[in-house]
Amino acid sequence: MAGRIISKSKVTQSKAPPSAFLFIKAGLPLILFSIGASYVLKGGIEGKQKESDASKGLVSKSERQARLDREHNDMLSKINKIRQTDFDNTKRIERPEDILERRRLERERRNVWYSRAWRRITFQK
C-alpha cells in the first residue's frame, strides 16, 4: 500500500486561468468604463461652465453671433418705430366695383360739357 499513495496535491490542484483571459473578462470593462465616465464627466462640466459664463456675459461672441444680434436689434428698432406711429389697420380695402365706380365718376366729371368746352378753347387735350 505504500506504493499506492496518491498525492493530494495533484487531485486538489486546479488550473488557474491565464492572466490574459482574466484581464479581458474583468480588467478591460473596468478600464473602458473609467475612460468613458471621465469623458462624459469632462464634457458635462465644460458645458455647465460655458452656460454659466454665457449667463454672466463673460463669453465673447463670435462674429456671426455679433452680426445676428446687431440685425436683431435693428429689426426691433424698426418694429418699435412702426409701432410708435399711429398705424390704422382698420381702413377698409376698396372693392373692385367701388374702384370702377370711382373711375367712372372721375371720367364723368372730367368730361362735363363746360370742361370739354374749356379744353377745346384753350387747345388742351
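Where do Arg104 and Glu101 lie, and how many residues apart are they? In this predicted model, both belong to helix α4, which covers residues 96–110, and they sit three residues apart, about one turn of the helix. Their side chains meet in a salt bridge, with an N to O distance of 2.4 Å. Neither partner needs to be sought far from solvent: Arg104 counts as partly exposed because its relative accessibility is 31%, and Glu101, with a relative accessible area of 36%, is partly exposed as well.

The Arg104 and Glu101 contact belongs to a wider set of charged pairs, since a search of the whole structure finds six salt bridges. Another of these joins the side chains of Glu106 and Arg102, with an N to O distance of 3.6 Å. Why are Glu106 and Arg102 separated by about one helical turn? Their positions in helix α4 are four residues apart, so about one turn of the helix lies between them. This pair is also part of something broader, as salt bridges that share partners join Glu94, Arg102 and Glu106 into one network. On the question of accessibility, Glu106 is partly exposed, with a relative accessible area of 35%, and the value for Arg102 is 35%, so Arg102 is likewise partly exposed.

A further salt bridge brings together the side chains of Arg92 and Asp98, at 2.8 Å from N to O. Is each partner buried or exposed? Arg92 has 55% relative accessibility and therefore counts as exposed; the cut-off for that class is over 50%. Asp98, in contrast, is partly exposed, because its relative accessible area is 29%, a value that falls between the limits of 20% and 50%.

Turning to the aromatic side chains, how many aromatic pairs does a search of the whole structure find? The search returns one. It is formed by Trp113 and Tyr114, whose ring centres are 5.6 Å apart and whose planes stand at 85 degrees, so the arrangement is edge-to-face; planes over 60 degrees apart are assigned to that class. Both rings belong to residues that are open to solvent by the accessibility criterion: Trp113 counts as exposed because its relative accessibility is 61%, and Tyr114 is exposed, with a relative accessible area of 52%.

Technical notes:
Residues numbered from 1 in each chain as written. Predicted model: local features only at pLDDT ≥ 70, side-chain atom pairs only at ≥ 80, totals over all residues. Heavy atoms only, no water. Phe/Tyr/Trp six-rings, centres within 6.5 Å; stacked < 30°, edge-to-face > 60°. Buried < 20%, exposed > 50% of the residue type's maximum accessible area, 1.4 Å probe, protein only. Salt bridge = Lys/Arg side-chain N within 4 Å of Asp/Glu carboxyl O. Helix = DSSP H or I, 4+ residues; strand = E, 2+ residues; numbered from the N terminus.
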